[in-house]
Amino acid sequence: MVVASIDIQGGKVVQLKQGADLVLQRDDVEALAREFDKYGEIAVIDLDAAMGKGDNAALIRTVLPLGECRAGGGVRTVDDAARLIDWGAKKVIVGSTAFRVDGKFGANGFGTNLAFLEALARRIGRERVVVAVDAREGEIVVDGWKTRTGLPLIETARAVAPLAGELLFTSVENEGMMSGTDIEALRALKEAVKQERDPTTLLTVAGGVSTIEEIRMVAEAGADVQLGMALYTGKVSLGEAFGESLNWKKCGGMIPVIIQEARDGQVLMTGYADREAVRETFVRGNVCLHSRTRDVLWMKGANSGQTLRLRRLRADCDRDALLAVVEASAGVCHTGAWSCFATDQGLRKEIACSLPKGDCPRSFSGDSWKPPRGYLNIRAASLTPYVPGEQPRDRAYIKLNTNENPYPPPPSVIEAVRNAASETLRLYPDPACTELRGAIAARYGVEPENVFVGNGSDEVLAFAFAAFFESGRAAHEGLPVLFPDVSYSFYPVYAALWDVPCETVPLRDDWTLDATDYLRENAGLIFPNPNAPTGLALAKIAVARIVEHQHRIGKTAIIDEAYIDFAAPGLSAVDLVKAYPNLLVVRTLSKSASLAGLRVGFALGDKALIDGLCRVRDSFNSYPVDRIAQAAALAAVRETAYYDGLARRIIQTRERVCAALAPNGWTVLPSSANFIFIKHKTRSGKEAFQRLRENGILVRHFDRPRIADYLRVTIGSDEEMDRFLEVART
Ligand SMILES: *Cc1c(COP(=O)(O)O)cnc(C)c1O
């Protein structure tokens, strides 16, 4: 294997002769890292940090995720090392700290700082630890080679080896001089670091390796090379060095190549490469193989244009097989299949993903796949979480930004909370919410088995995505789940969380939802009625048409009725639940029931759907609805008259505000919710938002395509809305 080195000083890539004289300087560090990653690991060293003269932390952070990097320079504590791993380093290189104990060398045995190395191995794993042993005439030197330690190279290396995954050996008299390295010392060192037990300690040689001959000798001695000066001065190329480090003898001049797709890890095909093919792969940036039938060099896709773009080439542990990590532009198999190992013959379809193009780890159209950061898995690292409206604490605002109800819940609900705050809190709540479900069922004319209660309707929706929409690789080869492009922005977040392929369906230019857009094959669908943030309601007949279509194709329809209580009577799809086993209606107590702080939402649907939600819930958290929430929600569900009164009041205020805004430069969409969606004729959405904010009024502005010029304004109390109108009208 070949390791390319990137030494950074003063924000630039530098090469120093014998650790002192600057002989080369470049500032294209990111491009270098991407290029070097094709050939092997990269050693990124912060020379300023190593010399205790500041650091290049910001730059190091940018570079580490770009390749398989080992990082070093100024690693003095276990925390320093852990930070580099967090930033994306695969391994950490430690220098003098591995030898110095209380400022002295040779304190115990051969002078290793055993306590430090042990702590380091415990924290980041032994195999991630690279100990740099720099030696001049058989003696270890540290601090940029300025300090002699009196420690003998071979014996010290032997002492360090059990605690390090790798030793990085630099012969100081040769570094940066390109006068050849000491092969004898290398063999002795290799012998010294041989472990009794697996895994062995790897050995890499830095400094002075400057010819293909030397690279071959180092490889034959069982070590890897790190190239710096020779690389930058063009004396050897990484491609050549890579080719030379392979075990051609063992595989008779023809090495097997396993080809893997970079973006999802799928194995696409295998082939064979000779020296020429390996060299050409690097030169052309596309995988080249040797055709055994025609006995010629063969660049895959040379005729069709469907090439395999090289991300990186790696040798296996004994260097007689290669892994080519590529980006395939089309199916690779002669049958037309995506992979030669595919069981189905069809080409993989473009993968639909809710993440922005380029951010999706599975996307075949995005170019900039981002590697996972730190300890996050790919899915967690690629999530774009929902951002709720702010709950500011800096001053008292008129809060019209999260569709909360301006009026309090009824006294009976507060009373229920008080009563539930008793010694019974030591007991778990009823996991089935039996009483509450009974009350909800009675209220909506269904059976308790048709009711599911969750911790806010957001949780119910998340469970519904998990229970009813297919996820994973197979799903991505099939049809997407549909929802409107301008809608509740939590839907794409759930889709990404559960890896559900989805597709947004554009609303019409007048922001209405056209039912016919949904009458097609799909994997399920969801939309709010009334829609958010537009506030527009979809006629019951249109909802029924969509649900009926979904029933015919055997897929679920989820109608999110968070705002239904502010719409005209008779709009709800609840009475369709009995007729359609594929319909799930989701409700919340957060908006019309003035209980956003309680977190209770529920779903109504066929027993089989409700059972599905229970399966997901019980695989996640059996008690999402606590005792207090169950008691308060139970009281709330019985307060129909009180809440009808609140809704009427809010609707009245809403209509008054709409009438006042229209003649004052605002476009106002007709709302069926407890918010309005408005646009100013001259001010941008951002300006209008800022202006209101400066006047102590918080509204919601979505900086997203199509709706960036709109504001969503919650209907508050009459006094709050008077103040809002005062500011909005000027
Ligand atoms: C507010 C809202 C919800 C979430 O309500 P909670 O029950 O508070 O989680 C769900 N869907 C839509 C469309 C909403 O606007």
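Mentor: Quick definition before we start: a polar contact is a pair of N or O atoms within 3.5 Å; within protein, one atom must be able to donate a hydrogen and the other to accept it, and residues adjacent in sequence count only if both atoms are side-chain atoms. The model is predicted, so local features need pLDDT of at least 70 and side-chain atom pairs 80 or more, while totals for chains, interfaces and linings use all residues. Residues are numbered from 1 along each chain as its sequence is written, and side-chain values use heavy atoms, leaving out hydrogens and water.

Trainee: OK, ligand first. Which residue has a polar side-chain atom 2.6 Å from an oxygen atom of the ligand?

Mentor: Start with the residues near the ligand, where near means a heavy atom within 4 Å. Among them are Gly456, Ser457, Asp458, Tyr488, Thr588 and Arg599. Ser457 puts a polar backbone atom 2.6 Å from a ligand oxygen, so to speak of a side-chain atom at 2.6 Å, you want Thr588.

Trainee: And how far is the polar side-chain atom of Arg599 from an oxygen atom of the ligand?

Mentor: Arg599 is one of the residues surrounding the ligand. Its polar side-chain atom and a ligand oxygen are separated by 2.7 Å.

Trainee: On to helices. Is α14 roughly parallel or roughly antiparallel to α20?

Mentor: Helices here are DSSP runs (H or I, at least four residues; strands are E, at least two), numbered from the N terminus. Axes are lines fitted to C-alpha atoms, for helices over the stretch in contact, with angles from 0 to 180 degrees between N-to-C directions. For α14 (residues 434–444) and α20 (residues 627–637), the axes come within 9 Å and cross at roughly 20°. Angles under 35 degrees count as roughly parallel, over 145 as roughly antiparallel, 65 to 115 as roughly perpendicular and the rest as oblique, so α14 and α20 are roughly parallel.

Trainee: Which residues in α20 do Glu435, Leu436, Ala439, Ile440 and Arg443 meet?

Mentor: Contact means heavy atoms within 4.5 Å. On the α20 side, the residues met are Gln630, Ala633, Leu634 and Val637.

Trainee: Now α6 and α7. Is their crossing left-handed or right-handed?

Mentor: α6 (residues 153–160) packs on α7 (residues 183–193) at about 30°, with the axes 8 Å apart. That makes the two roughly parallel. A crossing is left-handed if the near helix is turned anticlockwise from the far one by less than a right angle, and right-handed if clockwise. The α6 and α7 crossing is right-handed.

Trainee: How many nonpolar residues does the contact of α6 with α7 have?

Mentor: From α6 come Leu153, Ile154, Ala157 and Arg158, meeting Ala185, Ala188, Leu189, Ala192 and Val193 of α7. Ala, Val, Leu, Ile, Met, Phe, Trp, Tyr, Cys and Pro count as nonpolar, Asp, Glu, Lys and Arg as charged, and the others, Gly among them, as polar. Here the polar count is none and the charged count one, and the nonpolar count is eight.

Trainee: At what angle do α21 and α23 cross?

Mentor: The partners are α21 (residues 640–661) and α23 (residues 718–729), whose axes come within 11 Å. They are roughly parallel because the angle is roughly 10°.

Trainee: Last one, backbone oddities. Which proline does a cis peptide bond join to Asn529?

Mentor: Look in the loop between β23 (525–528) and α18 (540–553). Pro533 is in that loop, and its cis bond comes from Ala532, with omega near 5°. The bond from Asn529 has omega of about -5°, and its proline is Pro530.
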